[in-house]
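Student: I would like a close look at a single part of this model, followed outward into whatever surrounds it. Please take one residue as the starting point and keep the account connected.

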Amino acid sequence: MKIIAMIPARYSASRFPGKLMQDLEGESVILRTYKATLRTKLFSQVYVVTDSEIIAHEIKSNGGQVIISTKEHKSGSDRIAEAIQAVDCDVVVNVQGDEALVNPLYVDKAVNELQRNSEINVGILVNPFSKINSPSAEILPLIFI
């Protein structure tokens, strides 16, 4: 089974433009995310999917793989849906571009569950949090839909 990771990365985020290129202890957030994803050793390939030449250059100049997408996407999932058309794989794991501290153990659990249970089409790895001024907020474990 060929399992890949795709990291959607948009430069012009509405709340914090350029966030992925911010320095995080000597490296950009997106480069740290890319390297952390590689370190999991779970994936046949890891791609950064972006509409930004700045982000593409950052990843390519550090030996990474990039897929350039169009700029019309409203979400990272849409960006990945476009990019996946050009890639042969069985499972795609969406790693958010600002997940520089991604924990390989949790990603491993998610991938193993997707491999084990063919009825699962989508897996969402959710970081638990406690209710903070929100009656609708819940404590969420690893969720599979």
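Tutor: A polar contact here is a pair of N or O atoms within 3.5 Å, where, within protein, one atom must be able to donate a hydrogen and the other to accept it. The model is predicted, and the part to examine is His73, which sits in the loop between strand 5 (65-68) and helix 3 (76-83). The side chain of His73 makes such a contact with the side chain of Glu82, at 2.4 Å, and a polar contact of 3.3 Å joins the side chains of His73 and Thr70. Because buried means under 20% relative accessible area, His73, with a relative accessibility of 17%, counts as buried. If residues up to four places away in sequence are set aside, His73 touches Asp78, Arg79 and Glu82.

From the loop the view passes to helix 3, whose buried residues are Arg79, Ile80 and Ala83. These residues lie on the same side of helix 3, because the arc they cover around the axis is only 95°. In general, an α-helix has 3.6 residues a turn, so residues three or four places apart point the same way. The buried residues of helix 3 pack against strand 1 (3-9), strand 4 (45-50), strand 5 and strand 6 (91-94), and helix 3 as an element lies across those strands, running at about 130° to strand 1.

The four strands form an open sheet with parallel pairing, in the order 5-4-1-6. Strand 5 and strand 6 each have a single partner strand and stand at the edges, so one side of each is left without a neighbour in the sheet. From one strand to the next, the twist averages 30°. Strand 5, which precedes the loop of His73, is joined to the parallel strand 4 by four bridges, and Tyr47 stands opposite Gln65 in strand 5.

Gln65 also leads to the packing around Ile59, which, leaving aside neighbours within four places in sequence, is in contact with Ile30, Leu31, Tyr34, Val48, Gly64, Gln65 and Val66. Apart from the core described next lies another one, of nine residues, with Tyr47, Val49, Ile80 and Cys89 among them. The largest nonpolar core has 26 residues, of which Ile7, Ile30, Phe43, Val48, Ile59 and Val93 touch the most other members. Helix 1 (29-39) is among the elements that give two or more residues to this largest core, and helix 1 gives the most, with five residues.

How values were computed. Residues numbered from 1 in each chain as written. Predicted model: local features only at pLDDT ≥ 70, side-chain atom pairs only at ≥ 80, totals over all residues. Heavy atoms only, no water. Buried < 20%, exposed > 50% of the residue type's maximum accessible area, 1.4 Å probe, protein only. Contact = heavy atoms within 4.5 Å. Arc of directions from axis to C-beta. Pairing = 2+ DSSP bridges. Axes fitted to C-alpha atoms, helices over the stretch in contact; angles between N-to-C directions. Core = buried A, V, L, I, M, F, W, Y, C linked by side-chain atoms within 4.5 Å.
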